[in-house]
Amino acid sequence: MANLTTTYLGLNLKNPLVAGSSGLTNSVEKIVEMEKNGVGAVVLKSLFEEQINNEVNVLLSKDLQNTAYPEAEDYIRTYLHDNTLHHYIELVKAAKEATSIPIIASINCVSGNEWMGFAREIEKAGADALEVNAFIVPTDRKIKSEEIEERYLEILTEVKKVVNIPVAMKIGPQFSNLVSMVDRLYAHGAAGVVMFNRFYEPDINLDKLAISAAEVFSSPADIRQSLRWVGIISGTLKRIDIAASTGIHDGEGLVKQLLAGATVGQVCSAMYVNGIPVVKEMVDYLEKFMKKWNFKSLDEFRGRLSYSNLPNPVLYERAQFMKYFSNNVNE
């Protein structure tokens, strides 16, 4: 029988399928259901500092009396901050008590001090690892790209100072040299990278002439971007764990990412669209795939089609579509 066990961030997983951070992982009941359907680990919904700040601003705007006295405003900010953090800590503890799989916390902050404060309390609560959900939108033309990259490294460095649990950086693909960036993250203490973050994307509502949110769920086609970079980075940087995220909607998607070199695959949108039992279908497909090719363990095929293992790695490098690579499909 195929052995699906693996390690990610130094944690032992029964299989390489991880439930990614989402509203579904904000409920102990749903996390238990995910475990029953076979996920190897769960990443809790991110604790967003920005959301806390928005809630504070909404509450203050409802009653001007709250802003008339500085003490009242400070009390509201402190209460909402502490209350939200308390609920998150309780989620970590409850998820750990209710399951036997690794529970990975996730934080997203906008100010330097909060990264460290949140991380420290989350470790105390018993989280097995921490996913740092970071994205800096560069809107200032005067800031150089290297300054933005340094900010990611500073965040990681500050978090690593206050926790001993493994830390993974969840990033986007918008770096001029992604391979170098991941290498630097590893050098600054990241045990893994999650590729890629699915960011909020705007759309324009033509009926209302207003900005609205674009589609929030990924599609199977979205796997292409992460597949390219998983293949390149896993084949170039051997020491850091890679969680492939965005576009894994079925067992085929999971297997493709593993063949490209992913340590684990994160699933999120597929559970929203098809329900949590889709996880079991993915794990079953992985077992059937391994049986078909007589693979006894994941290590026998993980990275088999990564950048470094291809006789013609230009297939990962191509940026433009050419007939030579298109299987006789016209450009």
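1. A residue is called buried here when its relative accessible area is under 20%. With that cut-off, Gly251, Gly253, Leu254, Val255, Gln257, Leu258, Leu259 and Ala260 of helix H9 are buried. Because eight of the ten residues of H9 are buried, this helix is largely enclosed by the rest of the structure. The note concerns a predicted model, and every remark below should be read with that in mind.

2. On the chain as a whole: the protein chain has 331 residues, of which 47% count as buried. Its secondary structure comprises twelve helices and 13 strands. Among contacts with a separation of 6 or more, 68% involve residues 24 or more positions apart.

3. What do the buried residues of H9 pack against? Their partners are strand S3 (17–19), helix H8, strand S12 (241–245), strand S13 (264–267), helix H11 and helix H12. Both strands and helices thus appear in the surroundings of H9.

4. The packing of H9 on H8 can be described in more detail. Helix H8 covers residues 223–236 and helix H9 residues 251–260; their axes are 8 Å apart and meet at an angle of about 25°. Since angles under 35 degrees count as roughly parallel, H8 and H9 are therefore roughly parallel to each other. From H8, the residues in contact are Ile223, Ser226, Leu227, Val230, Gly231 and Ser234, and from H9 they are Gly253, Lys256, Gln257 and Ala260. Sorted by class, this contact consists of four nonpolar, five polar and one charged residues.

5. The loop between H11 and H12 holds serine 306. Is this serine buried or exposed? Its relative accessibility is 2%, so serine 306 counts as buried. Leaving aside residues up to four places away in sequence, serine 306 touches Gly231, Ser234, Gly235, Leu259, Ala260 and Tyr316. Of these, Gly231 and Ser234 also belong to the H8 side of the contact with H9, and Ala260 to the H9 side.

6. Arginine 302 is located in the loop between H11 and H12 as well. Which residues does arginine 302 touch, not counting those up to four places away in sequence? They are Thr6, Leu258, Gly261, Ala262 and Thr263. The C-alpha atom of arginine 302 is 5.3 Å from that of glycine 261, although the two residues are 41 residues apart along the chain. Leu258, one of the residues touched by arginine 302, is among the buried residues of H9.

7. A search for aromatic pairs in the whole structure yields five. In one of them, phenylalanine 289 and phenylalanine 301 have ring centres 5.3 Å apart and planes at 65°; as planes over 60 degrees apart count as edge-to-face, the pair is therefore edge-to-face. Phenylalanine 289 is part of helix H11 (residues 278–292), whereas phenylalanine 301 is in the loop between H11 and helix H12 (314–317), so the pair ties together parts that are twelve residues apart in sequence. Both rings belong to buried residues: phenylalanine 289 has a relative accessibility of 13%, and phenylalanine 301 one of 1%. Ring pairs also bring in Phe295, which forms a cluster with Phe289 and Phe301.

8. Strands S10 (residues 202–205) and S11 (residues 210–213) run antiparallel and are joined by four bridges. Aspartate 203 has serine 212 in S11 as its bridge partner. The two strands form a hairpin with four residues between them, and leucine 209 in the turn has a positive phi of about 50°.

9. Two further residues with positive phi deserve a look. Leucine 9, which is not a glycine, has a phi of about 60°. Leucine 9 sits in the loop between strand S1 (6–8) and strand S2 (11–13), and with a relative accessibility of 5% it counts as buried. Threonine 246, likewise not a glycine, has a positive phi of about 85°. Threonine 246 is in the loop between S12 and H9 and is buried, with a relative accessible area of 16%.

10. Where is the cis peptide bond described here? This bond runs from methionine 195 to phenylalanine 196, with omega near 10°. Phenylalanine 196 lies in the loop that connects strand S9 (192–195) and S10.

Terms used:
Residues numbered from 1 in each chain as written. Predicted model: local features only at pLDDT ≥ 70, side-chain atom pairs only at ≥ 80, totals over all residues. Heavy atoms only, no water. Pairing = 2+ DSSP bridges. Axes fitted to C-alpha atoms, helices over the stretch in contact; angles between N-to-C directions. Parallel < 35°, antiparallel > 145°, perpendicular 65-115°, else oblique. Contact = heavy atoms within 4.5 Å. Nonpolar A, V, L, I, M, F, W, Y, C, P; charged D, E, K, R; others polar. Phe/Tyr/Trp six-rings, centres within 6.5 Å; stacked < 30°, edge-to-face > 60°. Buried < 20%, exposed > 50% of the residue type's maximum accessible area, 1.4 Å probe, protein only.
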